[in-house]
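Grab a pencil and work through these exercises one at a time. Try each task yourself before you read its solution.

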Amino acid sequence: MVKRLSDMPEVEANHLRRIECPTYDDTPALPGKPLAERRVAIISTAGLHKRGDRPFRPGDGSYRVIPAETQGNELVMSHISVNFDRTGFQQDVNTAFPIDRLRELAADNTVGSMAAVHYSFMGAFPPAAAEPHAQHLAGLLKADKVDAVLLVPV
Amino acid sequence: MREHTEIVRPPRALWVTFELGRPLGIPDDAAFQRRVVKAALDLLARTDSPLIADYPEHVPDVTDFSGWACPINLAPSQVDSLVAEIDRLATWYDRSVANLDRTTVGVSGLDMPAAGALVSRALDGDLPEAQALKEAIDDLRAYYLEAASAFPDPGTAATRKKWFWDETKLAQALLALQPKLAASADPQHRILANLTLIPATERHRLG
């Protein structure tokens, strides 16, 4: 879920234009099971974590763990950026982290099941800082038998 | 960002035009959010990658500030200190917590008077460690905006953010703090000053 720079105030767009993006030779979309048979995890880059977990720091490429049973009132946001709206998240956690929506889609069998654990990074990291954490996370997702991930940036 | 997505080329991406920070579009609109999530998940069936699908629904911008004024007077003449302002907002913050059954305050581990005291000390030249200051400020910002959401006439998120920057002592304090942090020998203070203290849209307020 992405936005366009030209829709944004120029000062914000200029800042975002300078952000380093990794490139890949190949990014194939492989066929897989129907959605109703998939186990889905959410990975956010909103800098979310449970209250009491380590807040994110500048350049922090690590992730925080958000178990599926986490309630909205346990989540806080420590993203270093101040250039995006937080009031939507303050009002309704699902505006940035659609955990209740995924729960509903699993309950009505639109998706097969929900992962036991979901994750959040903080988006404003250098890609190299996140790579070892992302590699580790891929193994954790496999162990949880996850076969679809909803990546939700802010 | 669409432009960044075009460079990274993920296998499947859903492009939404919603305000940054609101990837699901509309708070408290479960049906809308569910349609966005479903549209993203439905892309799993496609293999014509890399693809960017345009989400067909848009959320109109609510930027009409006319006719809205903060219903409690927090102008500088009414409260003489940041601590008093924080105290004045406590009852509204409590009401917000009761309304929403949640709060996003709680990153720093400080209570709000202590967070305010940290900002006041920083303004007096006693700069705390950058991370501690950032966490305290994040909590205070959340506290103010959650409190404002419980005002009798809360306006919109946009009017509440305008209220924060136009009228509060905390915003004045942050703007006054910026040059002090920018002049610090500590590079973490300078990152805070130059990137993560004042939103890009509000930097014109700096002297």
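**Exercise 1. How many residues of chain A are in contact with chain B, and how many of chain B with chain A?**

Step 1. Start with the rule: two residues are in contact if their C-beta atoms, placed from the backbone, lie within 7 Å.
Step 2. Apply it across the two chains: 61 residues of chain A touch 58 residues of chain B.
Step 3. Look at which elements supply two or more residues to chain A's side: helix H1 (10-17), strand S4 (75-77), helix H2 (87-91), helix H3 (99-107) and strand S7 (148-152) of chain A. Helices (H or I, at least four residues) and strands (E, at least two) are DSSP runs, numbered from the N terminus.
Step 4. Find the top contributor: H2(A) gives the most, with five residues.
Step 5. Sort chain A's side by class: 34 nonpolar, 16 polar and 11 charged residues. Here Ala, Val, Leu, Ile, Met, Phe, Trp, Tyr, Cys and Pro count as nonpolar, Asp, Glu, Lys and Arg as charged, and the others, Gly among them, as polar.

A note before you go on: this is a predicted model, where local features need pLDDT of at least 70 and side-chain atom pairs count only at pLDDT 80 or more, while totals for chains, interfaces and linings use all residues. Residues are numbered from 1 along each chain as its sequence is written, and chains are lettered from A and ligands numbered from 1 in the order in which they are written.

**Exercise 2. Describe how H3(A) packs against helix H2 (residues 30-42) of chain B.**

Step 1. Get the geometry: the angle is about 75° and the axes are 10 Å apart. Axes are lines fitted to C-alpha atoms, for helices over the stretch in contact, and angles run from 0 to 180 degrees between N-to-C directions.
Step 2. Name the arrangement: H3(A) and H2(B) are therefore roughly perpendicular. The cut-offs are under 35 degrees for roughly parallel, over 145 for roughly antiparallel, 65 to 115 for roughly perpendicular, and oblique for the rest.
Step 3. List who meets whom: A:Arg101, A:Leu102, A:Glu104 and A:Leu105 face B:Ala30, B:Gln33, B:Arg34 and B:Val37.
Step 4. Sort them by class: four nonpolar, one polar and three charged.

**Exercise 3. What is the overall make-up of chain B?**

Step 1. Count the elements: chain B has eight helices and two strands.
Step 2. Put them in order from the N terminus: α-β-α-β-α-α-α-α-α-α.
Step 3. Split the chain: domain 1 covers 2-54 and domain 2 covers 82-205, with bounds that come from an automatic or database domain assignment. The centres of these two domains, taken over C-alpha atoms, are 31 Å apart.
Step 4. Box it up: along the principal axes, the C-alpha atoms of chain B fill roughly 60 × 45 × 30 Å.

**Exercise 4. Follow H5(B) through its packing with H4(B) and with H6(B).**

Step 1. Take helix H4 (residues 112-123) of chain B: H4(B) packs on H5(B) at about 125°, with axes 9 Å apart. The pair is therefore oblique.
Step 2. Get the handedness: H4(B) passes H5(B) in a left-handed crossing. A crossing is left-handed if the near helix is turned anticlockwise from the far one by less than a right angle, and right-handed if clockwise.
Step 3. Sort this contact by class: 10 nonpolar, one polar and one charged.
Step 4. Now pair helix H5 (residues 130-148) with helix H6 (residues 157-167), both of chain B: the angle is about 125° and the axes are 10 Å apart. H5(B) passes H6(B) in a right-handed crossing.
Step 5. Name the residues: B:Tyr144, B:Leu145 and B:Ala148 meet B:Arg160, B:Trp163 and B:Phe164.

**Exercise 5. Are B:Thr47 and B:Leu197 buried, partly exposed or exposed?**

Step 1. Learn the scale: a residue is buried if 20 or more other C-beta atoms, placed from the backbone, lie within 10 Å of its own C-beta, exposed if 12 or fewer, and partly exposed in between.
Step 2. B:Thr47 is partly exposed because it has 13 C-beta neighbours inside 10 Å. Leaving aside neighbours within four places in sequence, B:Thr47 is in contact with A:Ala29, A:Leu30 and A:Pro31.
Step 3. B:Leu197 is buried because 23 other C-beta atoms lie within 10 Å. B:Leu197 sits in the segment after helix H8 (187-196) of chain B.
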